[in-house]
Amino acid sequence: MGSATSELPSQRTPLADDAETGLKIVVVGGFGVGKTTLVRSVSEIRPLNTEEVMTQAGQGVDETVGVERKTTTTVAFDFGRISLNQRMVLYLFGAPGQERFWFLWDRLFSGTLGAVVLVDTRRMQDSWYAIDRLEHHKTPFVVAVNRFDEDESRFSLQEIRQALALGDHVPMVDCDARVRASGKEVLITLVDHLYAMALSQETTP
């Protein structure tokens, strides 16, 4: 992406004393799509990440087409926290994107109420596995399209929905993972989706 940087708060926010609802959220997607950036930009605490410098050992194993400038990679998971209000707190887990780390995903999904699938339209096929695993686990999710400056195609959300074979019931939004306000809107969209699903289940006879 371009030269923009994450909008980090000047001071990290302590957890409110009256916080009573904690939701585990997982951010998934392909290699280099911006999962670590999203968690880092929205987290109100110093995020835990397991990024390591990429070495020659990954050559021929990790598919880097479209993300040639990437020099580090997540080898376990990222973790952050954001309070949506005084009572609701989201605990964010960013899953590693490379195929060789996919075995970690099922464990990360345990106890997860919802997920964000981060999409890079330059590598759209990398999103299929994430969507497949979430549907297998029956985990509600939203799709956030991380708009990269280098993306000259600029597909519309409807075109991306069709390419990913997603039904209209799955919310889809544009975002810039570097920008805190944009990342927060993605999470709010997910929480609203989870709330709407819960209301629908309560009213279904």
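Start by selecting Val116 and Val142: Val142, in strand β7, is the bridge partner of Val116. Keep in mind as you go that this is a predicted model.

**The strands around β7**

Now widen the selection to residues 114-119, which form strand β6; β6 and β7 pair in the parallel sense over 5 bridges. Next, add residues 172-175. This is strand β8, and its pairing with β7 is parallel too, over 4 bridges. To find a spot where β7 and β8 meet, pick Val145 and look across to Asp174, its bridge partner in β8.

Stay with β7 for a moment and show residues 141-146 with their side chains. How many of its residues are buried? The count is 6 of 6. Turn the strand so that Phe141, Val143 and Val145 face you, then flip to Val142, Ala144 and Asn146 on the other side: both faces are covered, with every one of these residues buried.

**Over the helix**

Select residues 128-136 next. This is helix α3, and together with β6 and β7 it makes a right-handed β-α-β unit. Follow the chain from β6 through α3 to β7 to trace the unit.

**A stop at Ser127**

On the way from β6 to α3, pause in the loop between them, where you will find Ser127. Is Ser127 buried or exposed? Ser127 counts as buried because its relative accessibility is 1%, and the cut-off for buried is under 20%. Display its surroundings: leaving aside residues up to four places away in sequence, Ser127 touches Val117, Leu118, Val119 and Leu164. For a distance to draw in the viewer, join the C-alpha atoms of Ser127 and Val143; they are separated by 9.6 Å, with the two positions 16 residues apart along the chain.

**Into the cavity**

Ser127 also leads to the next stop, as one of the residues that line the largest cavity. Select the rest of the lining: Gly30, Phe31, Val33, Leu118, Val119, Asp120, Arg123 and Asp126. Colour the lining by class and you will have 4 nonpolar, 2 polar and 3 charged residues. How much space lies in this cavity? About 30 Å³. A search of the whole structure finds 1 cavity of 30 Å³ or more.

**Last stop: α1**

Finish with residues 35-42, helix α1, which is mostly covered, with 6 of its 8 residues buried. Which ones are they? Select Lys35, Thr36, Leu38, Val39, Ser41 and Val42 to see the buried residues of α1.

Methods:
Residues are numbered from 1 along each chain as its sequence is written. This is a predicted model: local features need pLDDT of at least 70, side-chain atom pairs count only at pLDDT 80 or more; totals for chains, interfaces and linings use all residues. Side-chain values use heavy atoms; hydrogens and water are left out. Buried means under 20% relative accessible area, exposed over 50%, partly exposed in between (1.4 Å probe, protein chains only). Helices (H or I, at least four residues) and strands (E, at least two) are DSSP runs, numbered from the N terminus. On a 1 Å grid over the protein atoms alone, a cavity is a set of points where a 1.4 Å probe fits but cannot get out, and a pocket is an open set with protein on both sides within 12 Å along at least five of seven lines; lining residues have an atom within 4 Å of a point. Grid points are joined across faces, edges and corners, and a volume is the space filled by probe spheres set on the points. Ala, Val, Leu, Ile, Met, Phe, Trp, Tyr, Cys and Pro count as nonpolar, Asp, Glu, Lys and Arg as charged, and the others, Gly among them, as polar. Two strands pair if DSSP finds at least two bridges between them. A crossover is right-handed if, with the strands pointing away from the viewer, the path from the first strand over the helix to the second runs clockwise. Contact means heavy atoms within 4.5 Å.
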